[in-house]
Amino acid sequence: MTADEKLQRYVVPNYGRYPIWPVRANGTEVWDRDGKRYLDFAGGVAVCPVGHAHPAIVEALSKQASTLIHVSNWYCIEGQAHLAERLVNEVVEIEGKCFFCNSGAEANEGLLKLARRYGVQQRGLKAPKIITFTNSFHGRTLGAMFATAQSKIWGDFGLEPAELGYIHLPFNDTSALKSVFSQHSDIVAVLLEPIQGESGVNAVTADFLRTAQSLCRAHNALLLLDEVQCGFGRAGHLSGWRAIIPGDEIQPDGISWAKAMGSGYPLGAFWVRDAAMPNGGKLCDLLGPGSHGTTYGGSPLACAVGLATVDTIINEDLCGNAEMVGNFIRTEATAWKHPLITTIRQKGLFIGFELEADSIKRAAGEKAPSIFLAGLLLNAGLMTVPAGPNVVRWLPPLNISKQDAIEALSIMRAVLDEVSTPMP
């Protein structure tokens, strides 16, 4: 039985996979089992910030694996102390504490639990409510998927978001946000992505982010930021919200991370601000013993690779490179004035090409334009990621060169020209 047949027979069919079988990679390049080379501008969906097989990551993995891979969180794990210090002091730059887990969904679950416990213990609420926004994506676990304001994610699972305490509002609509706060006294948190990835690289506006913080402070609610995809340099800053409002004006109460944090090794975390609570104590200590936990999260191996990843991003100034090369890509692609691209949304190397859907649909048939075009790009040797029905997303390593960008742009333009050429 071939691997193709085994995949069909033994693996749950929950992914719509492209028929590509990658077997090895280095830097920005990936090769499949047939020897074909690809330029990787998908990055495992923003998971490989320093490319494939980076020497610092390989060394951290192999060195730690030879000493101690895993030990229970019943014991003290030195790597957690070092990685948490780096995250607090150099990534967030606001006093607080970190919890380590395995994924972005788990990190968001932790923030959701934090918010609900805060509402119950500190505000005496029986049914705390949490606000999230249209076109968001917070994960596939039960709590995170109902926080996700897309019915295609939580439909057919026998519940409604309101039953779990979620209020879904239009993204970047300050009037709607103000209205809901004025109508409800039991809102305990606002959870938002500074830059929405899955729906097409949609950034929060500065006005909306300021309004969200102001309302949370006025109503004794928590401001929670989902930086699972936009954090760790993806948007040109170590913290994604500072790509929207630089400096210290925004002071979130909680932040979730994953993806790029582990360079492909399963690692997530959330940070909680060191802030006084209404009834005493600190917010960062609210989840005490017995309230939350994980078997694998924050293992010695995970923390070693996380620390190597964060250090590499900082030491090689990959935030600066992401901003420089990302701006170059946007400028070059904008100059094409291509009829199949309506908008280019870009923060650092978080780039979304919005497609002229009606024109592409004629060639795409039943497929969404984004999926159709991503498939053509893959055939041409460029790995990208569909985002919503009409956006192709680029999430390359943060250390790509301008030459990598030029090659990717060349492939993209050739494929777009081919699609736009009338059929004979």
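In the predicted model, helix H8 (residues 174-183) packs against helix H9 (residues 206-218) at an angle of about 10°, and their axes lie 10 Å apart. H8 is therefore roughly parallel to H9, since angles under 35 degrees count as such. On the side of H8 the contact involves Thr 174, Leu 177, Lys 178 and Phe 181, and on the side of H9 it involves Asp 207, Phe 208, Thr 211, Ala 212, Leu 215 and Cys 216. Six of the residues in this contact are nonpolar, two are polar and two are charged.

The loop between H9 and strand S10 (222-226) contains Asn 220. Although Asn 220 is not a glycine, its phi is positive, at about 60°. The relative accessible area of Asn 220 is 32%, and the residue is therefore classed as partly exposed. A positive phi in a residue other than glycine is also found at Lys 337, with a value of about 50°. Lys 337 is located in the loop between helix H11 (318-336) and strand S13 (341-347). With a relative accessibility of 74%, Lys 337 counts as exposed.

A second helix pair is formed by H4 (residues 78-92) and H10 (residues 300-315), which pack at an angle of about 30° with their axes 9 Å apart. H4 and H10 are therefore roughly parallel to each other, and their crossing is left-handed. The H4 side of the contact consists of Gly 79, Gln 80, His 82, Leu 83, Arg 86, Leu 87, Glu 90 and Val 91, which meet Cys 303, Gly 306, Leu 307, Val 310, Asp 311 and Ile 314 of H10. The residues of the contact of H4 with H10 comprise seven nonpolar, four polar and three charged.

An open sheet of seven strands has the order S4-S12-S11-S10-S7-S5-S6, with mixed pairing. Its edges are formed by strand S4 (96-101) and strand S6 (166-169), each of which pairs on one side only. From one strand to the next, the twist averages 20°. Strand S5 (residues 129-133) pairs with S6 in the parallel sense, over four bridges. Within this pairing, Thr 132 has His 168 of S6 as its bridge partner. Helix H4 packs on the sheet, where it touches S4, strand S11 (254-257) and strand S12 (268-273), and the direction of H4 makes about 125° with that of S4.

Another open sheet, also of mixed pairing, is composed of four strands in the order S1-S2-S3-S15. Strand S1 (22-26) and strand S15 (382-383) occupy the edges and have a single partner strand each, so one side of each is left without a neighbour in the sheet. Strand S3 (residues 37-40) runs parallel to S15 and is joined to S15 by two bridges. Leu 39 has Leu 382 in S15 as its bridge partner. Helix H14 (residues 402-420) lies across S3 and S15, and runs at about 110° to S3.

Helix H13 (residues 369-379) is mostly covered, with eight of its 11 residues buried. The buried residues of H13 are Pro 369, Ser 370, Phe 372, Leu 373, Ala 374, Gly 375, Leu 377 and Leu 378. Gly 381, which follows H13, has a positive phi near 100°.

Key:
Residues are numbered from 1 along each chain as its sequence is written. This is a predicted model: local features need pLDDT of at least 70, side-chain atom pairs count only at pLDDT 80 or more; totals for chains, interfaces and linings use all residues. Side-chain values use heavy atoms; hydrogens and water are left out. Buried means under 20% relative accessible area, exposed over 50%, partly exposed in between (1.4 Å probe, protein chains only). Axes are lines fitted to C-alpha atoms, for helices over the stretch in contact, and angles run from 0 to 180 degrees between N-to-C directions. Angles under 35 degrees count as roughly parallel, over 145 as roughly antiparallel, 65 to 115 as roughly perpendicular and the rest as oblique. A crossing is left-handed if the near helix is turned anticlockwise from the far one by less than a right angle, and right-handed if clockwise. Contact means heavy atoms within 4.5 Å. Ala, Val, Leu, Ile, Met, Phe, Trp, Tyr, Cys and Pro count as nonpolar, Asp, Glu, Lys and Arg as charged, and the others, Gly among them, as polar. Two strands pair if DSSP finds at least two bridges between them.
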